[in-house]
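Reader: I'm new to this one, so could you show me the structure and then walk me through a few questions?

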Amino acid sequence: LYGVRASRWHKGPVGLVGDAAHAMLPFQAQGAAMAIEDAAVLAPLLAGKTDPDDALKEYHALRRGRVKKVMAISASNGGIYHLPAPLSYARDAVVFAQGPTAHLKRLAWIYGYRPPDDIPLPGN
């Protein structure tokens, strides 16, 4: 399994979103969600700017930090999920001790994402 770490997500008026720009390992199950988030950020930028290159530059600036953080968690999870015994027993004990909602609470910043409010929507 491989991820993609492209230094640029666009060239001129042609841009990449989702896995084409930043494919990640599947251990956080966020690949499709990142593509949807990309679209939610990029669409109003493209609609609100006259130069697509400017919109694509801003999109990359707005998204790269979050995408990098989700990629890192996904890669880390891959190591954690594939620990051999007896380390896997310790992992399972920790997960059990934390309870059924600890993972969701720890990662609420992923699941509760909203695009930035300051992206101008056309007509507003």
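Reader: Which residues does Val67 touch, leaving out those up to four places away in sequence?
Author: First, some ground rules: this is a predicted model, where local features need pLDDT of at least 70, side-chain atom pairs count only at pLDDT 80 or more, and totals for chains, interfaces and linings use all residues. Residues are numbered from 1 along each chain as its sequence is written, and side-chain values use heavy atoms, with hydrogens and water left out. A contact here means heavy atoms within 4.5 Å. With residues up to four places away in sequence set aside, Val67 touches Trp9, His22, Met24, Met34 and Asp38.

Reader: Which helix gives the most to the largest nonpolar core?
Author: A nonpolar core is a set of buried (under 20% relative accessible area, 1.4 Å probe, protein chains only) Ala, Val, Leu, Ile, Met, Phe, Trp, Tyr and Cys residues joined through side-chain atoms within 4.5 Å. This one has 17 residues, and Met24, Leu45, Tyr59 and Val67 touch the most other members. Helices (DSSP runs of H or I, at least four residues, numbered from the N terminus) H2 (31-48) and H3 (52-81) each supply at least two residues. The one that gives the most, with seven residues, is H3.

Reader: Why is the pair of Trp9 and Tyr59 called tilted?
Author: Rings of Phe, Tyr and Trp (its six-membered ring) pair if their centres lie within 6.5 Å; planes under 30 degrees apart count as stacked, over 60 as edge-to-face and the rest as tilted. Trp9 and Tyr59 are both buried, and they sit 50 residues apart in the chain. Their ring centres are 5.4 Å apart, and the pair is tilted because the planes meet at 55 degrees.

Reader: And what is the angle between the planes of Phe27 and Tyr81?
Author: Phe27 lies in the loop between H1 and H2, while Tyr81 is in helix H3, so the pair ties together parts 54 residues apart in sequence. The ring centres are 6.4 Å apart, and the pair is edge-to-face because the planes are at 80 degrees.

Reader: Which residues lining the second largest pocket are in the list that starts with Val4?
Author: Lining residues have an atom within 4 Å of a point of the pocket. By class, this lining has six nonpolar, two polar and three charged residues. The list runs Val4, Arg5, Ala6, Trp9, Ala21, His22, His60, Arg64, Val67, Lys68 and Met71.

Note on methods: Buried < 20%, exposed > 50% of the residue type's maximum accessible area, 1.4 Å probe, protein only. 1 Å grid on protein atoms, 1.4 Å probe; cavity = no way out; pocket = protein on both sides within 12 Å on 5 of 7 lines; lining within 4 Å. Nonpolar A, V, L, I, M, F, W, Y, C, P; charged D, E, K, R; others polar.
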